[in-house]
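Colleague: I should like to go through this model and ask, for each term used, what justifies it. Please set the values against the criteria as we proceed.

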Amino acid sequence: NIAALAARLFAETLAEKIDDAIVNGDGTSTYGGIVGARQALRNVHATIGSIKGLKVATGNLWSEITIDDLRNTKKLLRKDFRKRAKWKMSQEFYDEVVEAKLLAAGGVTPDNLQNGTALKLLGFPIDIVAKMPGTQDDSQICCLFGDFERAAYIGNKENLFIESTNSHSSNFASKII
């Protein structure tokens with residue numbers, strides 16, 4: 001069924017583009033004019049340490065990020081926004097920072113690593129987001145924490161749809177039943 005395959009691939013590609021725009025959008029046409037979460041935070045102030053609601057880690061390298069940095073990030077979110085709060089990070093950040101720090105602190109057991117569990121950090125779910133940074137860089141916003149369901153609404157302003165038929169009749173294209 002080529003139409004179903006094309007529709008699924010189109011939906012997956014569109015979802016990936018929307019994810020990229022929501023996370024990394026800089027307001028240009030590349031991102032459909034969308035300013036994403038990371039850029040919106042950067043737009044608040046030229047000095048990253050002066051951005052209210054943003055926790056600057058102990059060091060620039062991922063290896064220098066501490067559990068206290070993550071705890072202090074959580075503390076920045078008002079309690080009334082914590083009910084559905086989640087962490088957003090790349091798999092690489094999770095592997096190199098969260099899992100490594102929790103394992104060293106005794107927060108992840110070998111059984112967790114072998115059998116797997118739902119990913120959580122400090123009691124909150126972790127969403128692995130492919131469009132979050134997968135490599136470290138200076139002054140980088142490398143993970144996000146918040147109630148993203150209340151942060152924004154995504155919608156389109158055009159009616160986009162795909163139609164298909166296995167009939168050779170022109171009635172389908174003319175919307176005649």
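Colleague: What makes the link between the side chains of K88 and D127 a polar contact?

Modeller: The model is a predicted one, and in it the side chains of K88 and D127 are joined at 2.7 Å. The cut-off for a pair of N or O atoms is within 3.5 Å, so the value of 2.7 Å qualifies as a polar contact.

Colleague: Why is K88 called buried?

Modeller: Its relative accessible area is 18%. Buried means under 20%, and therefore K88 counts as buried. The residue lies in strand β1, residues 86-89. Leaving aside neighbours within four places in sequence, K88 is in contact with D127, V129, M132, C143, L144 and F148.

Colleague: Why, by contrast, is K75 called exposed?

Modeller: K75 has a relative accessibility of 57%. Exposed means over 50%, so K75 belongs in that class. K75 is found in helix α3. Between K75 and G53 there are 9.6 Å from C-alpha to C-alpha, with a separation of 22 residues in sequence.

Colleague: How do you know that β1 and β4 are paired?

Modeller: Two strands pair if at least two bridges are found between them. Four bridges connect β1 and β4, in the antiparallel sense, so the criterion is met. Within β4, L144 is the bridge partner of K88.

Colleague: What about β2 and β3, which are joined by two bridges?

Modeller: At least two bridges are required, and β2 and β3 have two, so they too count as a pair. They run antiparallel, β3 covering residues 124-128. L121 stands opposite F124 of β3.

Colleague: What is the strand order of the open sheet, and what makes a strand an edge strand?

Modeller: The sheet has four strands in the order β2-β3-β1-β4, with mixed pairing. The edge strands are β2 (120-121) and β4 (143-146), each of which pairs on one side only.

Colleague: Which way do the residues of β4 point?

Modeller: C143 and F145 point one way, whereas L144 and G146 point the other way; all are buried. In a regular strand the side chains alternate between the two faces of the sheet.

Colleague: What makes W62 and F93 an edge-to-face aromatic pair?

Modeller: The structure holds three aromatic pairs. For W62 and F93, the ring centres are 5.2 Å apart and the planes stand at 85°. Ring centres must lie within 6.5 Å, and planes over 60 degrees apart count as edge-to-face; therefore both conditions are satisfied. The pair links distant parts of the chain, 31 residues apart: W62 is in the loop between α2 (37-44) and α3 (67-76), and F93 is in helix α4, residues 91-105. Both W62 and F93 are buried.

Colleague: How do you know that F124 and F145 are also edge-to-face?

Modeller: Their centres are 5.1 Å apart, with 75° between the planes. That is within 6.5 Å and over 60 degrees, so the label applies. F124 is in strand β3 and F145 in strand β4, 21 residues apart, and both are buried. Ring pairs link W87, F124 and F145 into a cluster.

Colleague: What makes a group of residues a nonpolar core, and which residues have the most contacts inside the largest one?

Modeller: Buried nonpolar residues are grouped when they are joined through side-chain atoms within 4.5 Å. The largest nonpolar core has 19 residues, and those with the most contacts inside it are W87, M89, F93, V98 and L121. At least two residues of this core come from each of α3, β1, α4, β3 and β4; the largest share, five residues, is from α4. L121 touches L70, W87, M89, V98, L102 and I126, not counting residues up to four places away in sequence. A second, separate core of eight residues includes V23, I51, L54 and M132.

Colleague: How many helices and strands does the protein have, and what pattern do they follow?

Modeller: There are five helices and four strands, in the pattern α-α-α-β-α-α-β-β-β along the sequence. Of the 177 residues, 25% count as buried. The accessible surface comes to about 12100 Å², and 53% of it belongs to carbon and sulfur atoms.

Technical notes: Residues numbered from 1 in each chain as written. Predicted model: local features only at pLDDT ≥ 70, side-chain atom pairs only at ≥ 80, totals over all residues. Heavy atoms only, no water. Buried < 20%, exposed > 50% of the residue type's maximum accessible area, 1.4 Å probe, protein only. Polar contact = N/O pair within 3.5 Å; in protein donor to acceptor, adjacent residues only side chain to side chain. Contact = heavy atoms within 4.5 Å. Phe/Tyr/Trp six-rings, centres within 6.5 Å; stacked < 30°, edge-to-face > 60°. Areas by Shrake-Rupley, 256 points an atom, 1.4 Å probe, with all protein chains shown as cover.
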